[in-house]
Amino acid sequence: MMGEISLVYLEKLIATAKENYPRMKNFNDQVARAKLDIGRQSVSWLDFFNLSYVKQPQNNITVTNPITGAPESGSTLSPVLLNGFQFGVGVNIGTLFQKPYNVKQSRIDYRIAQTNREEYILTLESEVKRRYYQYIQSLEVLRIQTKGLVDIQNSFRDVRAKYEKGAATFSEYNSAMTTVSAQAQGKIAAEAAFLTAKVALEEMLGKRLEEVK
């Protein structure tokens, strides 16, 4: 079994799993989102400033003579002290003091996301290795079972030929047949174990083993 393990191929399997496994993609997205939040918090320092303006129309009041009712000279008055556009800036003190903590919190969240991803990478690598070793083990067991079945079938042919010639007893013939049947069942179980191990490994890769070059 040890001779069948390829560390180079195993590294390719791990790299493929990192690229394709859905949960790994989730951790990558969490890190990317946390990094974007740092940028969003860093560029939003103007949030605590509120810029406003008011436009006052030119509405004048004319003073008239109470006796004649005629407008008096220079008697046009404005009820508003300032006419036209008026601008103002408001400052939200609470937001101003809260901003540094928001930026710091975003950076902490980013580090946590990175740490969670690094921790899962270790788990992912370990799981790919475990499934790869199980795959190689099941492959070797299948090879042994297949070779054993071929050898037993050859022996059975010899026993059957002798039995047909009367050179072997029925007990010997029946025993050989039972051995062939047991070996065939063992080969079927080994095939099932091999296919199960292969599917389990491919689940981590997101593609078939044959596609990993």
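## A walk through a helix-rich chain

The chain's secondary structure comes to four helices and four strands, taken as DSSP runs numbered from the N terminus (helices H or I with at least four residues, strands E with at least two). Along the sequence, they follow the pattern α-α-β-β-β-β-α-α. Keep in mind that this is a predicted model, in which local features need pLDDT of at least 70 and side-chain atom pairs count only at pLDDT 80 or more, while totals for chains, interfaces and linings use all residues. Residues are numbered from 1 along each chain as its sequence is written, and side-chain values use heavy atoms, leaving out hydrogens and water.

Let's begin with helix 1, residues 7–20. At 1.5 Å a residue, its 14 residues should span 20 Å, and the end C-alpha atoms are 20 Å apart, which agrees; the expected span is 1.5 Å times one less than the number of residues. Its buried residues are Leu10, Leu13, Ile14, Thr16, Ala17 and Asn20, where buried means under 20% relative accessible area, exposed over 50% and partly exposed in between (1.4 Å probe, protein chains only). Seen down the axis, these buried residues fall within an arc of 160°, so they line one face of the helix; the arc is that of the directions from the helix axis to the C-beta atoms. The face turned away from this buried side carries the exposed residues Leu7, Val8 and Glu19.

Leu13 also leads us to the largest nonpolar core, where it is among the residues with the most contacts inside the core, together with Leu124, Val128, Tyr132, Tyr135, Leu201 and Leu205. This core has 24 residues; a nonpolar core is a set of buried Ala, Val, Leu, Ile, Met, Phe, Trp, Tyr and Cys residues joined through side-chain atoms within 4.5 Å. Helix 1, helix 2 (22–42), helix 3 (93–165) and helix 4 (170–205) each supply at least two of its residues, and helix 3 gives the most, with eight. Not counting residues up to four places away in sequence, Tyr132 touches Glu4, Ile5, Ser6, Tyr9, Leu10, Leu13 and Leu201, with contact meaning heavy atoms within 4.5 Å. A second, separate core of six residues includes Leu149, Phe156, Tyr173 and Ala176.

Finally, look at Lys198 in helix 4. At 14% relative accessibility, Lys198 counts as buried. With the same sequence neighbors left out, Lys198 touches Tyr135, Leu209 and Glu210. Across the whole chain of 213 residues, 25% count as buried.
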